[in-house]
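User: Hey, can you walk me through a protein model? I'd like to look at its rings and any empty space inside.

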Amino acid sequence: MHIKIEKPVIESILNQIIPFTEKKDNTQITSHILIDANEKLTLKATDKEIGIKINTDAQILQKGSITINGKKFLDIIKTLQNKEVEIKTEDSKITITQENSVYNLTSFNASEFPEFPNTDKMNKIDISIEELNKAIKKIYPVIDNNNPKYELNGALFDLKENSNFVSTDTRRLAIYYSNAKANESKIIVPKRSIAEIKRVIRDDMEIFYDDVYLILKNEETLFFTKLINGKFPAYERIIPKSLKYELTLPKAEFLSHLKQVSIITNEVKIQIQSEKIIFESISDETIKAKTSLLIQTSVENFTFAVNSRYIMDFLNVIENDYFTLGLNEPNIPFVLKDENFLTIVMPLNI
């Protein structure tokens, strides 16, 4: 293989794909990226759980495929000038050259690099990229971390005629009701993969899935992730069928008062009265914070306690100036709503 490519182009691609490589063991081929020079230049990286492929233009003087340690390759490229870089191979030896700078590296057998899945026999999700972006942005903060029930460390894509995107950390449940259409299926996408999707997603991408993989792709990029094999909780049972109170509240003012008390503690008591809402810290007898939002509520007296971060996570991802607070009893879950997105939160015992 023999190619020439501009340094800013290859550096940009490497910055995108390095997170997909194996970091802990340099003896594994997954610590390398695959460079395939054919009609176009293709770079691949995977740790076998997630992977990415990016196509780009380059001057291809001799076709071929090599692997190269991803971290070392990026470190070398970063030190070079913003000029053309030449990469040439002979047997398993790699030479990277720019003017008077020369680096020699070794390669694994390119034929042993893990195969990537393809979309030939996969189902397609009919959804706009804008809506997918909204869905994953809203449910992401509620995905659990390191839960022994592994299926909770991912987001549920409840695919059907009108699909739902769902996450839970057992203290709260987030649901985004979408217009996405797909063959009926329930797939669980790992939290790490959701984070990478937020980073690599582009407006012209298509989304495919089967029982094992989720794939996003366009002409330049293909991203894949393995799915979590498990059964997500029956989230529909947790959604209240009715609400005793539904209050329309100003997001900015509510969030401001909540933040004032959260400086002291995340454990906050909220008391709703007919003409104001009182926010008060509850975790420490010696250090206290208290503030009030003057607002007409039509509720005589309703008091509950909550981890303030749960409400702030919700308010920080909605776009509208107002949201709905739905209440039944102080000791049972309450509802935060914004159009087709809702979060159900378990209150604290006080």
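Analyst: Sure, we'll go through the aromatic rings and then the cavity. Keep in mind that this is a predicted model.

User: OK, how many aromatic pairs are there in the whole structure?

Analyst: A search of the whole structure turns up eleven aromatic pairs. One of them is Phe 157 with Phe 165, and that pair is edge-to-face. Their centres are 4.7 Å apart and the planes make an angle of 70°.

User: Why does 70° between the planes count as edge-to-face?

Analyst: Because planes over 60 degrees apart count as edge-to-face, and this pair has 70°.

User: And is Phe 157 buried or exposed? What about Phe 165?

Analyst: Phe 157 has 2% relative accessibility, so it counts as buried. Phe 165 is buried too, with a relative accessible area of 1%.

User: Got another pair for me?

Analyst: Try Phe 304 and Phe 334, which form a tilted pair. The distance is 4.9 Å centre to centre, with 50° between the planes.

User: Where do Phe 304 and Phe 334 sit in the chain?

Analyst: Phe 304 is in strand β22, residues 301–307, and Phe 334 is in strand β24, residues 334–338. The two are 30 residues apart, and their pair links distant parts of the chain. Phe 304 is buried at a relative accessible area of 2%, and Phe 334 counts as buried at 2% relative accessibility.

User: Which residues form an aromatic cluster?

Analyst: Phe 254, Phe 279, Phe 314, Phe 323 and Phe 341 form one.

User: Switching a bit: which Lys lies over the face of Phe 116?

Analyst: That's Lys 44, at 4.9 Å from the ring centre. There's also Lys 191, which lies over the face of Tyr 140 at 5.2 Å from the ring centre.

User: Now the empty space. How many cavities of 30 Å³ or more are there?

Analyst: The count comes to one. About 40 Å³ of space lies in the largest cavity.

User: What lines the largest cavity?

Analyst: The lining is Lys 138, Pro 141, Val 142, Arg 172, Tyr 310, Asp 313, Phe 314, Phe 341 and Thr 343. Phe 314 and Phe 341 are in that lining, and they also belong to the aromatic cluster.

User: Which element gives the most to the lining?

Analyst: α6 does, with three residues. Both α6 (308–317) and β25 (341–345) supply at least two residues each.

User: And what's the lining like by class?

Analyst: There are five nonpolar residues, one polar and three charged.

Notes:
Residues numbered from 1 in each chain as written. Predicted model: local features only at pLDDT ≥ 70, side-chain atom pairs only at ≥ 80, totals over all residues. Heavy atoms only, no water. Phe/Tyr/Trp six-rings, centres within 6.5 Å; stacked < 30°, edge-to-face > 60°. Buried < 20%, exposed > 50% of the residue type's maximum accessible area, 1.4 Å probe, protein only. Helix = DSSP H or I, 4+ residues; strand = E, 2+ residues; numbered from the N terminus. Lys NZ or Arg CZ within 6 Å of the ring centre and 35° of its normal. 1 Å grid on protein atoms, 1.4 Å probe; cavity = no way out; pocket = protein on both sides within 12 Å on 5 of 7 lines; lining within 4 Å. Points joined across faces, edges and corners; volume = space filled by probe spheres on them. Nonpolar A, V, L, I, M, F, W, Y, C, P; charged D, E, K, R; others polar.
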